[in-house]
Amino acid sequence: MEDGSRNRIIPVPAAVMQGSGAFGLQSAVLSVSEAALLPHAERFRGDLATYAGLELPSPTVEPDASGGSVRLELGAVERTARRTRGVRADGASPDTEVHRIVIDEAGVTVRGASEEAIGRGLTSLVQLAALGGGVVPCGTIDDAPELAWRGLSLDVVRRFLPVDEVKRVIDVLALHKLNVLHLHLTDNEGWRLHIDAWPRLTEVGATGAAAGRPGGFYTHDDFTELVEYASERFVTIVPEIDMPGHVAAALTAYPQLGVSRPSSAGSLLPVAYLDPNVEETWRFVEDVLREVAAISPAPYLHLGGDETFGMDHDDYVAFVDRAIPIVKGLGKRVVGWQEMCRAGVGPDEVIQYWIDFASLTGGDEAGPADAIPSEVRDQLAAHFGEAFSDLARIAEKRSRLLLSPTSTFYLDHPHGDPSTDPAQEERRSRLGLQFYPARSLEAMADWDLSSAIGDVDPDAVAGIEAALWCETVETSDDLQLLLLPRIAGVAELAWNPSRRPAWSDHRTRLAEHSSMWHRAGWSWFRAASVDWP
Ligand code: TNX
């Protein structure tokens, strides 16, 4: 029934019924059941040109089901595939992506109850066309993700990413049916979003990046442009304003708001936090969050909350407990890094779990604690030691769990596979944080959700996010080498957590997909464990 040899879609669809024969898309005529679908049909044409080298004529609106040989149809699909659980970052129903593709020798129908459902189906069709040289095998594909929130957290601070570069990342996400781009907009090394009420944040706080790289920031218009570009590709942007820690750039602009001092731990972990006992801090927090909420349509706002080294625990809890109601008062819900579960959070909050350093659990993975000198070592031990109890706290407080465990989902691990390209092999020793153990593609694609969530109810899982931190990223090529092909493995774990493909299958798919990455002009890490064409 399932014929993997003819269907190399990533992520693997929930159900494929293979027919006999094939349909050639080269001479297809595109039609849509209603005008609202036209922009998606146009985007499909563009994607076919980009990834498959096919040029199709413009689509037409044909309410009558007989028109056209590739037909996009808005309408209910009987749910045969699977249940989607989790939280949608845009607040929609988890069922939004259910779709069906029927291919016979006369043509293709892509059907779904939402524009997004049809968009996901079209992505499968683009992949099939690209992999089959324009010819797609007959059959029926019933598909839906297992998890509703499937994202990437992108650090645009340590290296500033201009708008066009972020758009390329959104393209990569969309091709793999990932649906959230979490933008990490503020950190010690820079503040990347203009705030009218506090202009020095970008005048002063955006002039640099990590490692002496140039700075930069997004205007409100830039941000809106990204939100729209992403939304056209069914990706939701969730903005993060990291507080109360990771605020050295903000404190350079407005020192009165908190405490900032160098630490002997070096640039990775400076002490920098907002002081909740200073009243002006709250004017700042309210102004910033109000402006961000006003330009961001997503119902979620990420408040950070990680690594507040040097800050008193009670002050941390006081900060979080006062900040969450501010976000809720703006009509948004809070996402926070794992540490936030130590404050007053509940079922409304999405908590992003990340600390799984196996050095804490006695495994063979080095954690950052090994790299830190004495001044903050006790703090670190306390901080990361507390992390053992966080899953239990999340379970007890019934918060939603967003999974980003470091050893699998942090794409800034050095590559563990050698590259077949000598130039890449040279870069491998500086790409990714060197205090992390190198990770192979195979190890990263092998992860089990049920054993990662502790006592948390599987129905409380919101979804999965990979994270790309950019301390070691100099160029967009560096960024792509950390993103690809790892992100394809992430997409599998997020779409199919309970039945991820075997490595032998996944590596074959990666090899075939590289033809699309090549056509799109993307670089990827040519791990020697894959037989690249
Ligand atoms: C920890 S993950 C951080 C980031 C670093 C990252 C490097 C998190 C919430 N904080 O500031 O960039 O490690 O992997």
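User: Which residue has a side-chain N or O atom 2.6 Å from an oxygen atom of the ligand?
Analyst: This is a predicted model. A polar contact needs N or O atoms within 3.5 Å. At 2.6 Å from a ligand oxygen, one side chain qualifies, that of Y436.

User: How much of the ligand's accessible area does the protein cover?
Analyst: On its own, the ligand has 360 Å² of accessible area. The protein's share of cover is 95%.

User: Which side chain has an N or O atom 2.9 Å from a nitrogen atom of the ligand?
Analyst: D412 has a polar side-chain atom 2.7 Å from the ligand, but its partner there is an oxygen atom. The contact with a ligand nitrogen, at 2.9 Å, comes from D306.

User: How many charged residues are in the shell around the ligand?
Analyst: Residues around the ligand include R158, D306, E307, D412 and E471. H246 and W337 are also among them. By class, the shell has six nonpolar residues and one polar residue. The charged residues number five.

User: In what order do the eight strands close into a barrel?
Analyst: The pairing is parallel. For instance, β8 (residues 149–155) and β9 (residues 180–184) are joined by five bridges. The barrel order is β8-β9-β12-β15-β16-β17-β18-β19.

User: What is the average twist from one strand to the next?
Analyst: The twist is taken between successive strands of the barrel. Its average is 30°.

User: Which residue in β9 stands opposite L154?
Analyst: Strands β8 and β9 run parallel. Opposite L154, in β9, stands L183.

User: What angle does the direction of helix α8 make with that of β15?
Analyst: Helix α8 (residues 313–329) packs on the sheet. The helix touches β12, β15 and β16. Its direction and that of β15 make an angle of about 165°.

How values were computed: Residues are numbered from 1 along each chain as its sequence is written. This is a predicted model: local features need pLDDT of at least 70, side-chain atom pairs count only at pLDDT 80 or more; totals for chains, interfaces and linings use all residues. Side-chain values use heavy atoms; hydrogens and water are left out. A residue is near a molecule or strand if one of its heavy atoms lies within 4 Å of it. A polar contact is a pair of N or O atoms within 3.5 Å; within protein, one must be able to donate a hydrogen and the other to accept it, and residues adjacent in sequence count only if both atoms are side-chain atoms. Accessible areas come from the Shrake-Rupley method with a 1.4 Å probe; for residues, only the protein chains shown count as cover. Ala, Val, Leu, Ile, Met, Phe, Trp, Tyr, Cys and Pro count as nonpolar, Asp, Glu, Lys and Arg as charged, and the others, Gly among them, as polar. Two strands pair if DSSP finds at least two bridges between them. Helices (H or I, at least four residues) and strands (E, at least two) are DSSP runs, numbered from the N terminus. Axes are lines fitted to C-alpha atoms, for helices over the stretch in contact, and angles run from 0 to 180 degrees between N-to-C directions. Contact means heavy atoms within 4.5 Å.
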